[in-house]
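Subject: Handover of a structure and the findings

Dear colleague,

Please find the structure below, together with its sequence. The notes that follow describe what was found in it.

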Amino acid sequence: MADLKLVFQDLVRFQIELWNAVDARLRTECDLQLTWFEVMRLLAQRSECRVQDMAAEFGITVGGTSKVVDRIEAAGYCRRRANPQDRRSSLVELTPTGRHLVDRALTVFEVELERWIGSVVPEQDLEKFAATLSVLRAAGRSASAPR
């Protein structure tokens with residue numbers, strides 16, 4: 001039987017190492033930190049996105065998400081506009097400059113993921129691993145849901 005403590009240790013340490021490597025590469029080649037890139041990548045995928053939607057997607061607080069969006073907006077990479085469906089919230093979208101940057105950074109991101117994961121683990125194993133992570137995340141969300 002697998003030692004779950006070791007699985008946890010390896011998973012967390014690998015995530016930290018991967019995050020740091022991708023972050024360093026994005027900072028060097030695009031002058032963009034990974035936290036901003038993740039928010040901008042989500043905005044590039046969705047035509048309309050509220051801060052609340054981003055917070056739910058990333059599993060972080062609305063306040064923390066709003067602060068990151070404030071910084072990205074101050075840098076000129078995104079903007080807020082009135083939400084026609086709900087006057088209490090706004091929709092966040094990339095600016096043309098932000099879209100260009102995220103498109104450029106996406107190439108760097110994909111190259112680094114290929115280097116760390118794709119070139120190391122066979123496709124069939126990656127598919128199983130992805131399915132396993134989906135099961136674990138769903139179970140975690142279910143376990144942490146209010147009863």
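A residue is called buried when its relative accessible area is under 20%, exposed when it is over 50%, and partly exposed in between. D70, with a relative accessible area of 37%, is therefore partly exposed. Please bear in mind that this is a predicted model.

**Overall arrangement**

The chain contains six helices and two strands. Read from the N terminus, its elements follow the order α-α-α-α-β-β-α-α. Along the principal axes, the C-alpha atoms occupy a box of roughly 55 × 45 × 25 Å. Of the 147 residues of the chain, 27% count as buried.

**Salt bridges**

Side chains of opposite charge can pair when their charged atoms come close. The count for this model comes to 14 salt bridges, and three of those pairs are described here.

D70, introduced above, forms a salt bridge with R80, at 2.8 Å from N to O. Because D70 belongs to helix α4 and R80 to strand β1 (residues 78-82), this pair ties together parts that are 10 residues apart in sequence. R80 is partly exposed, its relative accessible area being 25%.

A salt bridge also joins E29 and R25, with 2.4 Å from N to O. Both residues lie in helix α1, and they are four residues apart, about one turn of the helix. E29 is partly exposed at 40% relative accessibility, and R25 is partly exposed at 25%. The pair belongs to a wider arrangement: R25, E29, E112 and R115 are linked in a network of salt bridges. As for distance across the model, the C-alpha atoms of R25 and R79 are separated by 26 Å, the two residues being 54 apart along the chain.

In the third pair, D53 meets R50, and their closest N and O atoms are 2.9 Å apart. D53 has a relative accessible area of 24% and is partly exposed; R50, at 25%, is partly exposed as well.

**The largest pocket**

Rolling a probe the size of a water molecule over the atoms shows where empty space is left. The largest pocket has a volume of about 1,200 Å³. It is lined by 27 residues, of which Q15, L18, E38, R41 and R137 are the closest to its centre. Two or more lining residues come from each of α1 (4-30), α2 (34-45), α3 (51-58), α4 (62-74), α5 (96-118) and α6. Which helix gives the largest share of the lining? That helix is α2, with seven residues. Sorted by class, the lining has 18 nonpolar, five polar and four charged residues.

**A nonpolar patch on the surface**

L11, F129, L133 and L136 make a nonpolar surface patch of about 360 Å². Helix α6 (residues 123-144) supplies the largest share of this patch, three residues. F129 is found in helix α6 and is partly exposed, with a relative accessible area of 43%.

**A residue with positive phi**

Most residues other than glycine have a negative phi. In D31, however, phi is near 55°, a positive value in a residue other than glycine. D31 is located in the loop between α1 and α2. Is this residue buried or exposed? D31 is exposed, since its relative accessible area is 66%.

Yours sincerely,

A colleague

How values were computed:
Residues are numbered from 1 along each chain as its sequence is written. This is a predicted model: local features need pLDDT of at least 70, side-chain atom pairs count only at pLDDT 80 or more; totals for chains, interfaces and linings use all residues. Side-chain values use heavy atoms; hydrogens and water are left out. Patches are made of residues with over 30% relative accessible area and no salt bridge: like charges are joined within 9 Å, nonpolar side chains (Val, Leu, Ile, Met, Phe, Trp, Tyr) within 5 Å. Accessible areas come from the Shrake-Rupley method with a 1.4 Å probe; for residues, only the protein chains shown count as cover. A salt bridge is a side-chain nitrogen of Lys or Arg within 4 Å of a carboxyl oxygen of Asp or Glu. Buried means under 20% relative accessible area, exposed over 50%, partly exposed in between (1.4 Å probe, protein chains only). On a 1 Å grid over the protein atoms alone, a cavity is a set of points where a 1.4 Å probe fits but cannot get out, and a pocket is an open set with protein on both sides within 12 Å along at least five of seven lines; lining residues have an atom within 4 Å of a point. Grid points are joined across faces, edges and corners, and a volume is the space filled by probe spheres set on the points. Ala, Val, Leu, Ile, Met, Phe, Trp, Tyr, Cys and Pro count as nonpolar, Asp, Glu, Lys and Arg as charged, and the others, Gly among them, as polar.
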